[in-house]
Amino acid sequence: LGFVGGEPKSNKSIALLDLCAAVASGQPFLDHAIPTPGPVLLFAAEDPLRSVASRLRRICRARGIDAASLDVHIINENLLRLDDATQRQRLRDAVLALRPRMIALDPFRRLLCGDENDSGLMSALLGELRALGREAKCSIVIVHHFRKRAMGDAGGRTAERLRGSGDIFAAGDCYWL
């Protein structure tokens, strides 16, 4: 379970799309080999499907990949309520049918209607995502924003700056900030 975190408008979604292209094509990402490439399931909630697909095509063109052959499945909904048992089950069913190598969720705030500061909710939700990743033998990468800096906050660029409960930070295995 990994997080791509940063300030608003810091190209987190573009970086995630590049990672999706790398995983689906088997090309390296930031000079790191992709040992087991395969399908990607991408939940992209912030932009229209046409914009997401256009960005992915441009990334593929820059990588020298035929975008049409790329095995990236895009869920383009405004909200995927993972705090709702029915929607969690729909995601689980889709993941187990597709067997992706990676699930990419962008952004975290569109994954639930509940409060991201609720440690019980965050612990349970991220625990279920981790269990799904283990069951499906895939990585899960979540885009999340940094919290707003408070007065006097020096705001180091660490994973503790991710918005919401400390359980969000505790749940991750890796962070790209």
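**Helices over a sheet: a reading lesson**

Biologist: How do the axes of helix H3 and helix H4 cross, and at what angle?

Modeller: Axes here are lines fitted to C-alpha atoms, for helices over the stretch in contact, and angles run from 0 to 180 degrees between N-to-C directions. H3 (residues 85-98) and H4 (residues 119-136) have axes that come within 10 Å and cross at roughly 20 degrees. Before we go on: this is a predicted model, where local features need pLDDT of at least 70 and side-chain atom pairs count only at pLDDT 80 or more, while totals for chains, interfaces and linings use all residues. Residues are numbered from 1 along each chain as its sequence is written, and side-chain values use heavy atoms, with hydrogens and water left out.

Biologist: Where do labels such as H3 come from?

Modeller: They are DSSP runs, numbered from the N terminus: helices are H or I with at least four residues, strands are E with at least two.

Biologist: So which orientation word fits H3 and H4?

Modeller: Angles under 35 degrees count as roughly parallel, over 145 as roughly antiparallel, 65 to 115 as roughly perpendicular and the rest as oblique. H3 and H4 are therefore roughly parallel to each other. For handedness, a crossing is left-handed if the near helix is turned anticlockwise from the far one by less than a right angle, and right-handed if clockwise; the H3 and H4 crossing is right-handed.

Biologist: Which residues meet there?

Modeller: Contact means heavy atoms within 4.5 Å. From H3 you get Arg88, Leu91, Arg92, Val95 and Leu96, and they meet Glu128, Leu129, Leu132, Glu135 and Ala136 of H4. Sorted by class, that contact has six nonpolar, no polar and four charged residues. Ala, Val, Leu, Ile, Met, Phe, Trp, Tyr, Cys and Pro count as nonpolar, Asp, Glu, Lys and Arg as charged, and the others, Gly among them, as polar.

Biologist: And H1 with H2: at what angle do they pack?

Modeller: About 60 degrees, with the axes of H1 and H2 10 Å apart, and H1 and H2 are therefore oblique to each other. Their crossing is right-handed. H1 contributes Ile14, Leu17, Asp18, Ala21 and Ala22, facing H2 residues including Val52, Leu56 and Ile59.

Biologist: How do I read the sheet, and what is its strand order?

Modeller: Strands of a sheet pair through backbone hydrogen bonds, either parallel or antiparallel. By the rule used here, two strands pair if DSSP finds at least two bridges between them. This open sheet has six strands in the order E3-E2-E4-E5-E1-E6, with parallel pairing. E3 and strand E6 (174-176) are the edges, each pairing on one side only.

Biologist: How many bridges join E2 and E3?

Modeller: Four, linking E2 (residues 40-44) and E3 (residues 72-75) in the parallel sense; Val40 has Val72 as its bridge partner in E3. Between them the chain passes through H2 (residues 49-63), in a right-handed β-α-β crossover. That term means that, with the strands pointing away from the viewer, the path from the first strand over the helix to the second runs clockwise.

Biologist: Which strands does H3 lie across?

Modeller: E2, E3 and E4, and H3 runs at about 150 degrees to E2.

Biologist: Last one: what is odd about the backbone at Leu30, and where is Leu30 found?

Modeller: Leu30 has a positive phi of about 50 degrees although it is not a glycine; look for it in the loop between H1 and E2. Also check the cis peptide bond joining Asp106 and Pro107, with omega about 0 degrees; Pro107 is in the loop between E4 and H4.
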